[in-house]
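Thanks, everyone, for making the time this morning. I would like to walk you through one chain, going from its overall arrangement to a few individual residues, so please have a look at it before I go on.

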Amino acid sequence: MTLEQLGQEYLRQAENLKGVIKSYSALKKNVHGIELYEINRKITVLKEMERETRITGNSLKEYYSNKSNKKHYCSHSFN
């Protein structure tokens, strides 16, 4: 498996997490009190997981890209 393929898999998993977030969001309409708090907490965790998964996927996909805007560690070196 290449880094680009691995990146695509991470992005697919991020999309799956979005679906899980939507399903939990739909549950919020019918609950109150501690249940609502717990669902909101789960949604917060899932959103962070989705964000990290998406960032990792994009980083892996673009790892060898020549168009990268990443700053290299030694970019401040003198030649």
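In this predicted model, helix 1, which covers residues 3-27, and helix 2, which covers residues 33-61, have axes that come within 8 Å and that cross at roughly 160°. Because an angle over 145 degrees counts as roughly antiparallel, helix 1 is roughly antiparallel to helix 2. As for the hand of the crossing, helix 1 passes helix 2 in a left-handed manner, and the contact of helix 1 with helix 2, sorted by class, has 15 nonpolar residues, eight polar ones and seven charged ones.

Stepping back to the chain as a whole, its secondary structure amounts to two helices and zero strands. How much of the chain is buried? Of its 79 residues, 16% are buried, and the accessible surface comes to about 6,800 Å², with carbon and sulfur atoms accounting for 54% of that area. If we take the contacts between residues at least 6 apart in sequence, 68% of them join residues that are at least 24 apart.

Let me turn now to single residues, starting with Glu50, which is found in helix 2. Is Glu50 buried or exposed? Its relative accessibility is 8%, and since the limit for buried is under 20%, Glu50 counts as buried. Setting aside the neighbours within four places in sequence, Glu50 is in contact with Ala14, Leu17, Lys18 and Ile21.

One of those contacts, Lys18, deserves a word of its own, as Lys18 is found in helix 1 and, at 34% relative accessibility, counts as partly exposed. Lys18 can also be paired with Leu46, for although 28 residues separate Lys18 and Leu46 in sequence, their C-alpha atoms are 8.2 Å apart in space.

Further along the chain we come to Leu60, whose place is in helix 2, and which, with a relative accessibility of 18%, counts as buried. Which residues does Leu60 touch, once those up to four places away in sequence are not counted? They are Leu3, Glu4, Leu6, Gly7 and Tyr10. With Leu3 in particular, Leu60 has a C-alpha separation of 5.5 Å, while the two lie 57 residues apart along the chain.

Gly7, which is among the residues that Leu60 touches, also comes up in connection with Glu62, as the C-alpha atoms of Gly7 and Glu62 are separated by 8.4 Å, with the two positions 55 residues apart along the chain. Glu62 itself is placed in the segment after helix 2, and its relative accessibility of 40% means that Glu62 counts as partly exposed.

To close, then, I would keep in mind the roughly antiparallel arrangement of helix 1 and helix 2, together with the buried residues Glu50 and Leu60 in helix 2. I am happy to take comments from here.

Terms used:
Residues numbered from 1 in each chain as written. Predicted model: local features only at pLDDT ≥ 70, side-chain atom pairs only at ≥ 80, totals over all residues. Heavy atoms only, no water. Axes fitted to C-alpha atoms, helices over the stretch in contact; angles between N-to-C directions. Helix = DSSP H or I, 4+ residues; strand = E, 2+ residues; numbered from the N terminus. Parallel < 35°, antiparallel > 145°, perpendicular 65-115°, else oblique. Left-handed = near helix turned anticlockwise from the far one by under 90°. Nonpolar A, V, L, I, M, F, W, Y, C, P; charged D, E, K, R; others polar. Buried < 20%, exposed > 50% of the residue type's maximum accessible area, 1.4 Å probe, protein only. Contact = heavy atoms within 4.5 Å. Areas by Shrake-Rupley, 256 points an atom, 1.4 Å probe, with all protein chains shown as cover.
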